[in-house]
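Biologist: I'd like a close look at one part of this model, please, and then how that part sits in the rest of the chain. Pick whichever stretch you'd start with and walk me through it.

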Amino acid sequence: MGRTHTVEACTNTGVCNLIKTVTSVPFSRSFVWSSLGCTAMAFVTGALAFWTPVFLSRAQVVQKVRQPCNQEPCDTTDSYIFGAVTIVTGIVGVFIGTSIARRLRDSIPHADPLICAVGMLGSSPCFFLAIVLAHRSIPATYVRTLLFLKSQFEVLDF
């Protein structure tokens, strides 16, 4: 972690600075952790985008609201609804996260990471309840998923 890299045969100052910068990036703890966090967030978002509409469709089959899909093409309404919910919560979450960060930055020095932590921890119970209650009420599941996604997008705005 605290290693410095030098390039012996560097004649051009701009190239030398670039090489030093590029070779020191893997040793920057904040960069590595931020990259890992963004990668994990991308995987979670991708998994949710794929599996949540499938899950909600199957929950509707369990509730006998819809017949199971035995042949293609299946009803894609859940995918469209989930996509619309994702877009709306993304926009709302970014605006809420930005406004909270602006208000708290002056009084709390590490407001941005705290907003991220509260958003992530606050969204977990919403997502858990969405999974557990999906067999009872699809609208309640959408509301809890909306709260989960809003918190996730607040996290992305640090």
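Modeller: Let's start with helix α3, where the buried residues are Asp78, Phe82, Val85, Thr89, Gly90, Gly93, Gly97, Thr98 and Ala101. Buried here means under 20% relative accessible area, with exposed over 50% and partly exposed in between (1.4 Å probe, protein chains only). A handy rule when you read that list: an α-helix has 3.6 residues a turn, so residues three or four places apart point the same way.

Some ground rules. This is a predicted model with residues numbered from 1 along each chain as its sequence is written, and side-chain values use heavy atoms, leaving out hydrogens and water. Local features need pLDDT of at least 70 and side-chain atom pairs count only at pLDDT 80 or more, while totals for chains, interfaces and linings use all residues. As for pLDDT, that's the predictor's confidence in each residue, from 0 to 100.

On that scale α3 (residues 77-104) has the highest mean among the chain's elements, 82, and helix α5 (residues 138-156) the lowest, 63. Watch the start of the chain too: pLDDT is below 50 over residues 1-7, a stretch with eight contacts in the model beyond near neighbours in sequence. A contact means heavy atoms within 4.5 Å. The chain as a whole averages 75, with 78% of residues at 70 or more.

Back to α3. Its 28 residues reach 40 Å from first C-alpha to last, close to the 40 Å expected at 1.5 Å a residue; the expected span is 1.5 Å times one less than the number of residues. UniProt's unreviewed entry puts a transmembrane region at residues 80-101, and others at 30-51 and 113-134. Such annotations may be inferred rather than shown by experiment. In the model, residues 80-101 are 100% helix, with end C-alpha atoms 31 Å apart.

The loop before α3, coming from α2 (29-62), holds Pro68. Pro68 is partly exposed at 44% relative accessibility, and its C-alpha is 8.6 Å from that of Ser57, eleven residues away along the chain.

Further on comes α4 (residues 111-132): 22 residues that should span 32 Å, and the end C-alpha atoms are indeed 32 Å apart. Its buried residues include Asp112, Cys116, Gly119 and Cys126. The annotated span 113-134 is 91% helix.

Stepping back, the chain has five helices and zero strands, where helices (H or I, at least four residues) and strands (E, at least two) are DSSP runs numbered from the N terminus. Of its 158 residues, 25% count as buried. Among contacts with a separation of 6 or more, 64% join residues 24 or more positions apart.
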